[in-house]
Amino acid sequence: MKKNFLSLFLVGAFAIGYAQVKTPQPSPSATVKQTIGLSEVSVEYSRPSANERKVFGNLVPMNQVWRTGANGSTDITFGNEASFNGIKVLAGKYALYTIPSANEWEIVLYKDTEQWGAPKELKAEEIVAKTKVKAQKNPLFVETFSIGFNDLKTDRANLILSWENTMVKVPIVMDSKKEVLESINATLGKKEAKASDYNQAAGYYFQEKMDLRKALEYSSKANEIQPDVFYMLKLKAEIQAANGMKKEALETAKKSMELAKKASNDDYVKMNADNIAKWNKK
């Protein structure tokens, strides 16, 4: 009996000693990741809510360093070298601090990521980048502070900070052109290069408006290796049109549209029909 009582006591004491109260965080943590170009940018932050309080000028003082969220520092990590609103930033992890004001925000990337909250004073030797962006009015009220990415292109995006009725955008460019061209040259230099490889290369040259003749060369090669593929023909038609080859573009688009109909792909039927209508107007 004594042994049983002692066992129960020890189990209870162990449970009490290691018990931990768990409650939801008022400013829960979040991580947002975005591939830009060939690299990834990620942001780790905590998300406070307005909760019927005035945010800027009250909860977040104006013209003072803000941790850009809640709890510990908000951290942004660049997988490769980047341009942060025109400022060169090496790959790595940085704290993201902001100094909000009515018309513009100052955005700071900081080496020290171990701060809890915002430092009272930013040390010059810790500052990696400091830049200003326009404060914009958000037509929709944002209850919970939000960081995300928008306006995505092949090598750039805007980092978006939104709360209450305020939004700021910070342009980020990840220059992947050199890597892409090296990949294209290396892949297409092999005998086993596929139609999809040539088509991807054509699409990149076309989207980037780099060399439309080269784009047409690659697209033609893709369709030579694998003919009668509606999505590859659609791209070829658009490249032909960009090269001033209207007659050829119309013929290719019509062929692409017929193949798309046979494949029951309504999206490509419509895109081709739209292109044909547009080119016929010119």
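In this predicted model, the axes of helix 3 and helix 5 approach within 11 Å of each other and cross at roughly 35 degrees. The crossing in which helix 3 passes helix 5 is left-handed. On the helix 3 side, the contact is made by Ala195, Asn199, Ala202, Gly203 and Phe206. Helix 5 answers with Tyr231, Met232, Leu235, Glu238, Ile239 and Ala242. Sorted by class, the residues of this contact of helix 3 with helix 5 comprise eight nonpolar, two polar and one charged.

Helix 3 also has a contact with helix 2. Helix 2 spans residues 177-188 and helix 3 residues 195-207, and their axes come within 10 Å while crossing at roughly 150 degrees. Angles over 145 degrees count as roughly antiparallel, and helix 2 and helix 3 are therefore roughly antiparallel to each other. Here, too, the crossing is left-handed, with helix 2 passing helix 3. From helix 2, Lys177, Val180, Leu181, Ile184, Thr187 and Leu188 take part, and they meet Asp197, Tyr198, Ala201, Tyr204 and Tyr205 of helix 3. This contact of helix 2 with helix 3 is made up of eight nonpolar residues, one polar and two charged.

Helix 5, in turn, can be followed to helix 7. The axes of helix 5 (residues 230-242) and helix 7 (residues 266-281) come within 11 Å and cross at roughly 20 degrees. Because angles under 35 degrees count as roughly parallel, helix 5 and helix 7 are described as roughly parallel to each other. Helix 5 passes helix 7 in a left-handed crossing. The residues that meet are Phe230, Tyr231, Lys234, Ala237, Glu238 and Ala241 in helix 5 and Tyr268, Met271, Asn272, Asn275 and Trp279 in helix 7. Seven of the residues in the contact of helix 5 with helix 7 are nonpolar, two are polar and two are charged. Tyr231 and Glu238 of helix 5 appear in the contact with helix 3 and again in the contact with helix 7.

The strands can be considered next. Nine of them form an open sheet with antiparallel pairing, and their order across the sheet is 1-2-3-6-7-8-9-4-5. At the edges stand strand 1 (29-36) and strand 5 (87-89); each has a single partner strand, so one side of each is left without a neighbour in the sheet. On average, neighbouring strands of this sheet are turned by 35 degrees against each other, direction ignored.

Several pairings within the sheet can be traced residue by residue. Strand 3 (residues 75-78) runs antiparallel to strand 6 (residues 92-100), and four bridges join the two. In this pairing, Phe78 is placed opposite Gly92 of strand 6. Strand 7 (residues 104-110) and strand 8 (residues 127-150) are likewise antiparallel, joined by seven bridges. Trp105 has Val133 of strand 8 opposite it. Strand 8 also pairs with strand 9 (residues 156-173), in the antiparallel sense and over nine bridges, with Ser146 standing opposite Ser162 in strand 9. Strand 8 and strand 9 form a hairpin in which five residues lie between the strands. Within the turn, Asp151 has a positive phi of about 55 degrees. As background for viewing these strands, side chains in a regular strand alternate between the two faces of the sheet.

Aromatic rings add another set of contacts, with a count of 15 aromatic pairs. One of these involves Phe56 and Trp66, whose ring centres are 6.0 Å apart and whose planes stand at 90 degrees, so the pair is edge-to-face. Both Phe56 and Trp66 lie in the loop between strand 2 (39-46) and strand 3, so the pair ties together parts that are 10 residues apart in sequence.

Definitions and conventions:
Residues numbered from 1 in each chain as written. Predicted model: local features only at pLDDT ≥ 70, side-chain atom pairs only at ≥ 80, totals over all residues. Heavy atoms only, no water. Pairing = 2+ DSSP bridges. Axes fitted to C-alpha atoms, helices over the stretch in contact; angles between N-to-C directions. Parallel < 35°, antiparallel > 145°, perpendicular 65-115°, else oblique. Left-handed = near helix turned anticlockwise from the far one by under 90°. Contact = heavy atoms within 4.5 Å. Nonpolar A, V, L, I, M, F, W, Y, C, P; charged D, E, K, R; others polar. Phe/Tyr/Trp six-rings, centres within 6.5 Å; stacked < 30°, edge-to-face > 60°.
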